[in-house]
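Q: Please take a close look at a single helix in this model. Say what surrounds the helix, and set it in the context of its chain and of the contact with the other chain.

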Amino acid sequence: MSKVSTEEIRSFVLQELDEPLRALGHEPGELPDEFDLHESGVIDSFGILELITALEDRFSLEIDYENLDPEELTKVGPFARYVSQQTAGPA
Amino acid sequence: MGATPTGGPAPTEAQIARPLHAGFERSAASFPGRPALEVGGRTLSYAELRDYAASLAATLIREAPGGEPALTAVFAYRSATAFAGLLGALMRGHGYVPLNHNFPLERTRLMLEHAGCNALIVDTASLLQLEELLDGVDRPMVLILPEESEAAALVARFPGHTVVTAPELEPAASLDPVEVDPGDTAYLLFTSGSTGTPKAVMVSHRNANHYVDVLVQRYSVTEHDRFSQTAEMTFDNSVLDMFVPWQCGACVCCPSRKTLIKPGRYIRESELTVWFSVPSTAIFMRRLGALKPASYPSLRWSLFAGEALPAEVAEEWLVAAPNCTVENLYGPTEVTVDCLIYRWDPARSPDECEHGVVPIGYPVPGMTALVADEALHEVEPGTEGELLVSGPQVSLGYLRDPERTAAAFVVPPGHDAIHYRTGDLVRRPADPDAPVPYLGRLDHQIQIFGERIELGEVEAAIREESGVDAVVALGWPVTTAGAGGIEAFVADPDADAGDLKRRLRERLPGQMAPRGVHVLPELPLNDNGKFDRKALMKMLEEAT
């Protein structure tokens, strides 16, 4: 697996969720790192699955999310950092 | 059709003729110090939860003596008040009507108004919506706010209504037991209706007790069990989550909405022994890498209901939870949670699955299944037909809706008992000992995350919001378990898709709100002159 940067992951996520974010009045470019996509109603669990699938297709990744804290799975910044770290190979 | 081979005897009429909360009361007497409920980071013992509920019940009696309807609404979400509230409603001799602040307000108001409740138990998280909710309610309500203590400000906020805060609650000891007719409504739940308005299903104490007794016996539940509580109270899977463990002194482990996003950690940290969810949750866990071998050794039962269970999910779940037995439970709200059950057997089951879907199995003890044609005559063995169910779990019907009740609760020719028409397509097994396979729906109902949704209801909402008659709603993407969401089509090229989507989101709860709205100059028609759903489905396929 090649390294994908946190920034690349983050901008892909925001691009994928551009429509629901704007529909709820959020400017994707101005989201704080801790913005919670689930609490804010941007995505539900099915949305998370779709996002993960799209992300893995785009960057040819296969990510194990078991070690990601539940609090962080749906937060933009921590999620992007976790995925990026996973692409760097085993810790 | 044959009864389930693993069922045991059916509960007797004498056993089920009791109030739904009688099992909880008995456990509170036998195990006062044992945990009854874990919620919001705290544990309530049976004695504590019983006292909280009894205090709410005594307060309800003081503030709203008698009067119809005998229903109390509980506007609370994953809090001690939510659980004590519904037990309190039952102890007061009322049926409970659960409301959810995550639903669009208009929907909650419709539920409250249709139920006609004049008492409402509210927790702090739901209080934020209360003013707006009561905006369209013109009768005086009794508002019990047990988590609040500043009465003066709240009285001013809700003029015309009676406000009761914590200091004014009656002590638990002041509750005199209320006599309950087991044939009365124990809870009222709303299901999606094809004509645009939801249906309010009245389930009696007797109905619910039959279900609870069947499961308690089937799963040999004891006071040492720890049950998951994944279903919202507005969804009848929650009846299993609460009343099966409470009957035996076991603990209901209620996660926060946030915790539910990582169910694997919840199972481990709560040391659950019984898991119950919609199959979608298991599918979600598999995708997140949470079904690794031997991840959940504490589970002794894993139960799935609400939508089709994919065989591969059952197989993988068993690898992740090697000490458990997996069962697939089937049933509409109208027949009290579940009425057919299938036990997964790794040796035999793969051969019994069709199209990769686990069978729905055999009627539970006391219930009977009939596979019938359109004239309600039983079909020949090996033939497909609609599944009809009869027995003590057939509910009381729809509140103030004799027409839709008569259409769904029928007496087939040659029978005496009322049967509920499920609208589900099954096959009468050629071999009488074989399990019933689930083949899909006969109408436009779909299942998303276990929720049964009438596409007709979604279409009615789209028509009203768009002012356009030619609309179609489709379940999309199609999954083995049901559908992932809803896509809407509107024949009006000038419609503002984004705005329409937003308005539908404000109006329809959770999974019912379309995830995408497509505006077209016109909708394709098939040879019968009906909207061509297959062509629209193809359009979605091509777009992805």
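A: The account below starts with the conventions, then turns to helix H12 of chain B, its chain and the contact between the chains.

This is a predicted model, in which local features need pLDDT of at least 70 and side-chain atom pairs count only at pLDDT 80 or more, while totals for chains, interfaces and linings use all residues. Residues are numbered from 1 along each chain as its sequence is written, and chains are lettered from A and ligands numbered from 1 in the order in which they are written.

H12(B) spans residues 279–287 and is mostly covered, with seven of its nine residues buried (20 or more other C-beta atoms within 10 Å of the residue's own; exposed means 12 or fewer, partly exposed in between; C-beta atoms are placed from the backbone). Helices (H or I, at least four residues) and strands (E, at least two) are DSSP runs numbered from the N terminus. The buried residues of H12(B) are B:Pro279, B:Ser280, B:Thr281, B:Ala282, B:Ile283, B:Phe284 and B:Met285.

These buried residues pack against elements of both chains. From chain A there is helix H3 (45–59). From chain B there are helix H11 (263–269), strand E12 (274–277), strand E13 (301–305) and helix H13 (311–320). After H12(B) comes B:Gly289, with a positive phi near 80°.

H3(A) also figures in the contact between the chains. Contact here means C-beta atoms, placed from the backbone, within 7 Å. Chain A brings 13 residues to it and chain B 16. On the side of chain A that touches chain B, the elements giving two or more residues are H3 and helix H4 (70–73) of chain A. H3(A) gives the most, with four residues. That side divides into seven nonpolar, three polar and three charged residues (Ala, Val, Leu, Ile, Met, Phe, Trp, Tyr, Cys and Pro count as nonpolar, Asp, Glu, Lys and Arg as charged, the others, Gly among them, as polar).

Chain B as a whole has 18 helices and 27 strands. Of its 544 residues, 53% are buried. Its C-alpha atoms fill a box of roughly 65 × 55 × 50 Å along the principal axes. The radius of gyration of chain B is 23 Å, which agrees with the value near 24 Å for a compact globule of 544 residues (taken over C-alpha atoms; the rule is 2.2 Å times the number of residues to the power 0.38). Among contacts in chain B with a separation of 6 or more, 68% join residues 24 or more positions apart.

Conventions:
Two residues are in contact if their C-beta atoms, placed from the backbone, lie within 7 Å.
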